[in-house]
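Hello,

Here is the structure I promised to pass on to you. Please open it first, and then read my notes below with the model beside you.

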Amino acid sequence: MSEFTGKVVLVTGAGNGIGKGIAEKFAKHGANIVVVDYNEEAGQKSADELTKKYQKAIFVQADVSDPEASVRMREKTFEAFGRIDTIVLDAGIAYHDTVDQISIEEWNRVLATNLSGFFYTVKAFYNDFLTNKGSMVFISSGSALTGTGGGVAYPASKAGGEGLMRGLAKELGPKGVNVNAIAPRVIESGLLTVNYPTKESQKKLIDQIAVRRFGQVADVANAAYFLADPDNSYIQGQTILLDGNRSIR
């Protein structure tokens, strides 16, 4: 029997891309899924597909930058399943602007979504984890290390999220809760072709990666599942850099 059979996993940003792939990974291993996304159409579609193929999944439409949305998120989760075991925090936005270009409103929006959204979600479920133990996984970014990949606000928000993750690990580790982060870089999803639109630019990029391929959504999903698995509970307060050795050359 899988470690996640009958357990409840909430994934923010699970309407598409990496978040959707992570939700599917846990659903394949028996978990009930709470799909959280701002996009109602994409989020509902993701939940419907997971329910049809695997276990029960519900959709909760939420803007994670709104603390009240996180409270509703918890209410819907407990109405449907009566518990929470794992949270994977993937919701995020980016503006590809330099300091002189980005507006104050855009800066605040990125931090409100990528950093405060992490805090609000965890705060809503905090006491539940003291009872159920479980795990939290923050999807950071290699840009938190390199400062690239999405203007200035994006790496700042992800680096802040990693600091929050380590603080939570100190708080929750003694209570039996595992808190870690994954820092993907150059994952083959929709954003890859936006940032590297030509074959030439993609070839130049792939030559910088030791394993000579782009990361896949499945690579991130596998890492999230690994970190959430109770069998790996001695890994605590860590950021796993998932970049095919591109950053360390």
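**What I found in it**

Among contacts in the protein chain between residues at least 6 apart in sequence, 72% join residues at least 24 apart. Please keep in mind that this is a predicted model.

Here is the overall picture. The protein chain has nine helices and seven strands. It has 249 residues, and 45% of them count as buried. About 11900 Å² of the chain is exposed, with carbon and sulfur atoms supplying 51% of that area.

**Aromatic rings**

How many aromatic pairs does a search of the whole structure find? The search finds five. One of them joins phenylalanine 4 and phenylalanine 26 in an edge-to-face pair, with 5.0 Å centre to centre and 80° between the planes. Phenylalanine 4 is in the segment before β1 (8-12), while phenylalanine 26 belongs to helix α1 (residues 17-28), so this pair ties together parts that are 22 residues apart in sequence. Both phenylalanine 4 and phenylalanine 26 are buried.

Another pair is made by phenylalanine 118 and phenylalanine 138, and this one is stacked: 4.6 Å centre to centre, with 15° between the planes. Phenylalanine 118 comes from helix α4 (residues 104-132) and phenylalanine 138 from strand β5 (residues 135-139), so parts that are 20 residues apart in sequence are tied together here. Phenylalanine 118 and phenylalanine 138 are both buried.

If you go back to Phe4 and Phe26, you can add Tyr225, as ring pairs link the three into a cluster. Lysine 25 lies over the face of tyrosine 225, at 5.5 Å from the ring centre. Elsewhere, arginine 74 has its charged end over the ring of phenylalanine 78, 4.2 Å from the centre of that ring.

**Helix α1**

Helix α1 is a nice one to check by hand. At 1.5 Å a residue, its 12 residues should span 16 Å, and the end C-alpha atoms are 17 Å apart, which agrees. Which residues of α1 are buried? They are Ile18, Gly19, Gly21, Ile22, Ala23, Phe26 and Ala27. It helps to remember that an α-helix has 3.6 residues a turn, so residues three or four places apart point the same way. The buried residues of α1 pack against several elements, including β1, β2 (32-37), α2 (40-53) and α9 (217-228). After α1 comes glycine 30, whose phi is positive, near 95°.

**Two residues to look up**

Start with serine 135, which lies in strand β5. Is serine 135 buried or exposed? With a relative accessible area of 1%, serine 135 is buried, because the cut-off for buried is under 20%. Its side chain makes a polar contact with the side chain of threonine 86 (2.9 Å), and also reaches the backbone oxygen of alanine 228 at 3.4 Å. Leaving out residues up to four places away in sequence, serine 135 touches Asp85, Thr86, Ile87, Phe129, Val177, Asn178 and Ala228.

Then find leucine 89 in strand β4. Leucine 89 is buried too, at a relative accessible area of 6%. Its C-alpha atom is separated by 5.2 Å from that of threonine 12, although the two residues are 77 residues apart along the chain. Neighbours within four places in sequence aside, leucine 89 is in contact with several residues, among them Thr12, Val137 and both Phe118 and Phe138.

Enjoy exploring!

Best wishes

Terms used
Residues are numbered from 1 along each chain as its sequence is written. This is a predicted model: local features need pLDDT of at least 70, side-chain atom pairs count only at pLDDT 80 or more; totals for chains, interfaces and linings use all residues. Side-chain values use heavy atoms; hydrogens and water are left out. Rings of Phe, Tyr and Trp (its six-membered ring) pair if their centres lie within 6.5 Å; planes under 30 degrees apart count as stacked, over 60 as edge-to-face and the rest as tilted. Helices (H or I, at least four residues) and strands (E, at least two) are DSSP runs, numbered from the N terminus. Buried means under 20% relative accessible area, exposed over 50%, partly exposed in between (1.4 Å probe, protein chains only). A charge sits over a ring if NZ of Lys or CZ of Arg is within 6 Å of the ring centre and within 35 degrees of the ring normal. The expected span of a helix is 1.5 Å times one less than its number of residues. Contact means heavy atoms within 4.5 Å. A polar contact is a pair of N or O atoms within 3.5 Å; within protein, one must be able to donate a hydrogen and the other to accept it, and residues adjacent in sequence count only if both atoms are side-chain atoms. Accessible areas come from the Shrake-Rupley method with a 1.4 Å probe; for residues, only the protein chains shown count as cover.
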